[in-house]
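Subject: The structure I promised

Hi,

Here is the structure we talked about. Have a look at it first, and then read my notes underneath.

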Amino acid sequence: MDFGSNSFDEVDDLSLFSGTNDGVDEVSEMKDESWEMVQKKGNQFVINDQPFYVNGFNTYWLMVFAADQSTRGKVSEVFKEASSAGLTVCRTWAFNDGQWRALQKSPSVYDEDVFKALDFVVSEARKYKIRLILSLVNNWDAYGGKPQYVKWGKAAGLNLTSDDDFFSHPTLRSYYKAHVKTVLNRLNTVTNITYKDDPTIFAWELINEPRCTSDPSGDMLQSWIQEMAVYVKSMDPKHLVEIGTEGFYGPSTPNKVQINPNTYAQQVGTDFIRNHQVLGVDFASVHIYADSCSHRGRRKISWNASSVFRIWSIYKGPPDTIHHSGTPLSETVYDTLLNSTKKGGSGGGSLLWQLFPQGTDYMDDGYAIVLSQSPSTSKIISLHSKRLAIFNSKCAWKCRWGCRKKNQFETSLDHDEL
């Protein structure tokens with residue numbers, strides 16, 4: 001995997017894609033994608049040899065909401081609203097370890113009702129033509145995560161001294177692998193399709209935001225990634241796999257660590273380039289959190305968008321955060337990705353953190369987007385979806401813009417620029 005060295009640091013020069021009038025009238029006439037597995041070809045995602053650029057979102061709590069009949073309707077609601085805005089991929093949790101409404105109550109012991117709730121989430125996503133990135137464990141203690149695995153290990157009599165033992169102790173590794181096996185081989189009680197055979201699932205994420213601060217060299221986490229990526233692929237070679245890292249450079253690239261958001265980032269045991277050279281890992285992700293309109297906020301955008309040759313998850317801040325140039329941050333991020341897309345680059349897409357339906361304000365972490373309450377943001381999201389739909393409608397990968405779609409897209413851009 002060649003991550004290259006070209007940069008998109010000149011974010012302000014990407015105004016070609018800015019604007020509020022989409023100028024796209026034929027998107028609705030384009031052929032719908034068939035419901036086949038998403039694959040990768042070169043440095044791009046494809047479905048049936050057609051490009052698949054993603055405008056997506058995060059809503060991590062879907063399974064827990066689906067487990068309660070009083071809140072299950074919110075799952076359908078968020079998928080419906082997302083689909084209406086042209087969003088095509090959702091990242092959510094396929095874990096809840098030892099917590100309230102736990103999926104996994106103890107190692108390899110599951111609550112069938114909660115598993116049925118996850119079945120419902122997958123089936124509803126399929127209903128609304130939204131694909132899922134399913135994360136398999138958390139680095140943090142929310143929803144259990146690696147601290148819960150360590151608690152289980154201690155309860156079993158293991159001599160554990162750190163939450164990072166999750167990555168190194170063979171018993172804890174076996175707990176995790178057992179969970180992976182259970183989820184991948186789950187027969188959906190709604191669709192009657194095994195998870196590992198379901199095209200609704202875009203990819204498996206090994207762990208949300210892994211860190212291993214006890215080993216800044218990165219060797220411990222690297223070993224875990226190597227083992228788990230191959231393990232997932234051995235059971236499910238059809239689906240894509242990603243790690244779930246935040247995007248921090250590490251010891252293997254000392255010439256790039258200064259681009260990290262702070263000096264601490266290179267001490268957390270992750271090593272972005274090295275991690276993503278592992279056999280079985282199909283694409284990379286980075287996580288961006290907005291910090292208002294400071295120069296440092298701009299630096300974060302440039303850092304992630306320029307240093308990741310295959311960018312995937314871009315997390316954004318509050319919906320109306322303004323970039324230092326006066327442009328909404330969401331528009332700045334989308335413009336950067338579209339510039340990569342237009343050039344045939346490796347910006348595969350972005351996922352907003354996070355999309356909420358109405359009536360879930362009590363879950364808001366300060367980054368929630370309720371489309372019906374954020375018309376300006378909703379318009380930017382829908383515009384981006386329509387533009388990506390044009391790229392995705394290209395007749396075949398080998399077309400290389402030889403068909404009329406090239407002129408159609410360029411016409412829409414000219415209209416916006418005017």
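Below is what I found, starting with the charged residues and then moving to the strands and a few odd backbone spots. Keep in mind that this is a predicted model.

**Salt bridges**

Counting nitrogens of Lys or Arg within 4 Å of a carboxyl oxygen of Asp or Glu, I get 15 salt bridges. Arg-186 is a good place to begin. It pairs with Glu-112, with the closest N and O atoms 2.9 Å apart. Glu-112 belongs to helix H3 (residues 112-127), while Arg-186 sits in the loop between helix H6 (170-184) and strand E9 (201-205), so this salt bridge ties together parts that are 74 residues apart in sequence. The two ends differ in how they are covered: Glu-112 is partly exposed, at 37% relative accessible area, whereas Arg-186 is buried, at 11%.

Arg-186 also meets the side chain of Asp-119 in a salt bridge, 2.8 Å from N to O. Again this links distant parts of the chain, with Asp-119 in helix H3 and Arg-186 in the loop between H6 and E9, 67 residues apart. Here both partners are buried, and Asp-119 has a relative accessible area of 0%.

What does Asp-119 touch, not counting residues up to four places away in sequence? The list is Arg-186, Leu-187, Asn-188, Thr-189, Val-190 and Tyr-195. For Val-190, the C-alpha atoms are 6.3 Å apart in space, although Asp-119 and Val-190 are 71 residues apart in sequence.

Another pair to click on is Asp-164 with Lys-146, where the closest N and O atoms are 2.7 Å apart. Asp-164 is in the loop between helix H4 (145-155) and helix H5 (165-168) and Lys-146 is in H4 itself, so the pair ties together parts 18 residues apart in sequence. Both of these residues are buried. There is also a network of salt bridges that links Lys-40, Lys-233 and Asp-282.

**A buried Glu without a partner**

Side chains of opposite charge can pair when their charged atoms come close. Why does Glu-242 have no salt bridge? The nearest side chain of opposite charge, Arg-91, is 4.6 Å away, and a salt bridge has to be within 4 Å, so the pair does not count. Glu-242 is buried all the same. You will find Glu-242 in strand E10 (residues 240-242). Leaving aside neighbours within four places in sequence, Glu-242 is in contact with Ile-133, Trp-204, Glu-205, Leu-206, Phe-283 and Ser-285.

**The parallel sheet**

E10 is also part of an open sheet of 6 strands, in the order E10-E9-E8-E5-E4-E11, with parallel pairing. E10 and strand E11 (349-353) are at the edges with a single partner strand each, so one side of each has no neighbour in the sheet. On average, neighbouring strands are turned by 25° against each other, ignoring direction. At the E11 end, 5 bridges join E11 to strand E4 (residues 54-58), and the two run parallel. In that pairing, Val-54 stands opposite Gly-349.

**Two hairpins**

Strand E2 (residues 44-47) has an antiparallel partner in strand E1 (residues 39-41), with 3 bridges between them. Gln-39 has Val-46 in E2 as its bridge partner. This hairpin has 2 residues between the strands, and Gly-42 takes a positive phi near 65°.

E2 also pairs with strand E3 (residues 50-51) in the antiparallel sense, over 2 bridges, and there Val-46 stands opposite Pro-51. Which way do the E2 side chains point? Gln-44 and Val-46 go one way and Phe-45 and Ile-47 go the other, and all are buried.

**Backbone spots to check**

The hairpin of E2 and E3 has 2 residues between its strands. Asn-48 has a phi near 50°, a positive value in a residue other than glycine, and at 49% relative accessibility Asn-48 counts as partly exposed. Asp-49, found in the loop between E2 and E3, has a positive phi near 70°. At 28%, Asp-49 is partly exposed.

Finally, there is a cis peptide bond joining Trp-353 and Gln-354, with omega about -5°. Gln-354 is in the loop between E11 and helix H11 (375-392).

Cheers

Notes. Residues numbered from 1 in each chain as written. Predicted model: local features only at pLDDT ≥ 70, side-chain atom pairs only at ≥ 80, totals over all residues. Heavy atoms only, no water. Helix = DSSP H or I, 4+ residues; strand = E, 2+ residues; numbered from the N terminus. Buried < 20%, exposed > 50% of the residue type's maximum accessible area, 1.4 Å probe, protein only. Lys, Arg positive; Asp, Glu negative; His and termini not counted. Contact = heavy atoms within 4.5 Å. Pairing = 2+ DSSP bridges. Axes fitted to C-alpha atoms, helices over the stretch in contact; angles between N-to-C directions.
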